[in-house]
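Dear colleague,

Here is the structure I promised to pass on, together with some notes on what I found when going through it. Please read the notes with the model open beside you.

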Amino acid sequence: MTFSQLLSAAIRQKGNPVLVGLDPRWESLPQSCKTGAVADSFERFCKTIIDITAPLVPAVKPQAAFFEQYGPDGMTALRNVIRYAKQQGLLVIFDGKRNDIGSTAEAYAAGILGSESAWGADAMTVSPYLGDDSIEPFVKTAVERGAGVYVLVKTSNPGGKMLQDLEVEGQPIYRRVAEYVERLAQRTAGSVGAVVGATWAEQLAELRQVMPSAPFLVPGYGTQGGTAEDVAKAFHRDGSGALINNSRGIIFAHLSASDPEIRWEDAVESATRRMIAELHTLTER
């Protein structure tokens, strides 16, 4: 199966497009999780998040940097978290925003993408800044292994506009990148997608028109200010075409819970179910 087919099947099975971001931060962890080494605590915390959310959502997105900062122990924890998520039937998107040229890009792709790789991820995020020859090795490996690649097109952070909105020959750079991603998506039957932030609702609608063939990964929902009404613009008319990421709003839901006595695990489940309900109600899909 292609990545697009795997993704569509997972979303249909769970009945929603929620993507849970696994971004463990020591200062935000529940006190009960802070036992032993940091990397071990991160692994236990993320595995519990997976236990809670796997019956509800189709995919998770571990952010590599939060694990990598703790060196080899952190990297081992990340590998164990990815493996555990796969065992629970979840799609895994490796969020590392990798990129390089030539054989280095090939090595990144070979190590991360597909069940036969060291990391075993179903998809990964990549930066387009080095140009098309830096993207092609990821695309080639993804197609060969039934995996996916999400190219950064319009990111959710405010500073992204410094380069992404810069006009070149009458078009913003994000639009030129989007047109390139659409060509790749058409060529690969949807194995190449786009990262487009919910915090730029107008551009999100524009880019869905520019990239009808590309699956979207939409960050910025919740804590960063993106709403269900905003992300509705990412979907096709039949409700397909996008994963909506929520990281802190789900995994650290206990920090903003109205009931101070609520178990952190229950707060995670409630936040996940609330997001699913919001998307069902407000996206009109």
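**Helix 4 and its surroundings**

The 17 residues of helix 4 (residues 71-87) should span 24 Å at 1.5 Å a residue, and its end C-alpha atoms are 25 Å apart, which agrees. Please keep in mind here and throughout that this is a predicted model. The buried residues of helix 4 are Gly74, Ala77, Leu78, Arg79, Val81, Ile82, Tyr84 and Ala85, and they pack against strand 1, helix 2, strand 2, helix 3 (64-68) and strand 3. After helix 4 comes Gly89, which has a positive phi, near 85 degrees.

**The strands, taken in order of pairing**

Strand 1 (residues 18-22) and strand 2 run parallel and are joined by 4 bridges, with Leu22 standing opposite Pro62 of strand 2. Between these two strands the chain passes through helix 2 (residues 38-53), and the resulting β-α-β crossover is right-handed. Strand 2 (residues 59-62) is covered on both faces, since Ala59 and Lys61 on one side are buried, as are Val60 and Pro62 on the other.

Strand 2 also pairs with strand 3 (residues 91-98), again in the parallel sense, over 2 bridges, and here Val60 has Val92 as its bridge partner in strand 3. Strand 3 in turn pairs in the parallel sense with strand 4 over 3 bridges, where Ile93 stands opposite Ala123. The chain reaches strand 4 from strand 3 by way of helix 5, in a β-α-β crossover that is right-handed.

In strand 4, Ala123 and Thr125 point one way while Met124 and Val126 point the other way, and all of these are buried. Strand 4 and strand 5 run parallel and are joined by 4 bridges, and Gly148 is the bridge partner of Ala123 in strand 5. Together with helix 6 (residues 132-145), strand 4 and strand 5 make a right-handed β-α-β unit.

**Helix 6 and Leu113**

Helix 6 has 14 residues and reaches 20 Å from its first C-alpha to its last, close to the 20 Å expected at 1.5 Å a residue. Its buried residues include Ile135, Phe138, Val139 and Ala142, and the cover over the buried residues of helix 6 includes strand 3, helix 5, strand 4, strand 5, helix 8 (173-187) and strand 8 (192-196). Just after helix 6, Gly146 takes a positive phi of about 65 degrees.

Leu113 deserves a look of its own. This residue lies in the loop between helix 5 (102-112) and strand 4 (123-126), and with a relative accessibility of 0% Leu113 counts as buried, because the cut-off for that is under 20%. Leaving aside neighbours within four places in sequence, Leu113 is in contact with residues including Ala123 and Met124, Phe138, Thr141 and Ala142, and also Gly148 and Val149. Leu113 and Ile93 are 20 residues apart in sequence, and their C-alpha atoms are 9.3 Å apart in space.

**Helix 1**

For the 12 residues of helix 1 (residues 3-14), a span of 16 Å would be expected at 1.5 Å a residue, and the end C-alpha atoms are 17 Å apart, which agrees. Phe3, Leu7, Ala10 and Ile11 are the buried residues of helix 1. Seen down the helix axis, the buried residues of helix 1 fall within an arc of 95 degrees, so they line one face of the helix. An α-helix has 3.6 residues a turn, so residues three or four places apart point the same way. On the other side of helix 1, Arg12 and Gln13 are exposed. The buried residues of helix 1 pack against strand 3, strand 4, strand 5 (148-154) and strand 10 (242-246), and just after the helix Gly15 takes a positive phi of about 75 degrees.

**The nonpolar cores**

The largest nonpolar core has 79 residues, and Val153, Met211 and Phe216 are those with the most contacts inside it. Apart from it lies another core, of 14 residues, which includes Leu91, Ile93, Ala123 and Leu217. Not counting residues up to four places away in sequence, Phe216 touches, among others, Tyr150, Val196, Leu204, Met211 and Leu243.

With best wishes

Methods
Residues numbered from 1 in each chain as written. Predicted model: local features only at pLDDT ≥ 70, side-chain atom pairs only at ≥ 80, totals over all residues. Heavy atoms only, no water. Core = buried A, V, L, I, M, F, W, Y, C linked by side-chain atoms within 4.5 Å. Buried < 20%, exposed > 50% of the residue type's maximum accessible area, 1.4 Å probe, protein only. Contact = heavy atoms within 4.5 Å. Pairing = 2+ DSSP bridges. Right-handed = clockwise from strand over helix to strand, strands pointing away. Expected span 1.5 Å × (residues − 1). Arc of directions from axis to C-beta.
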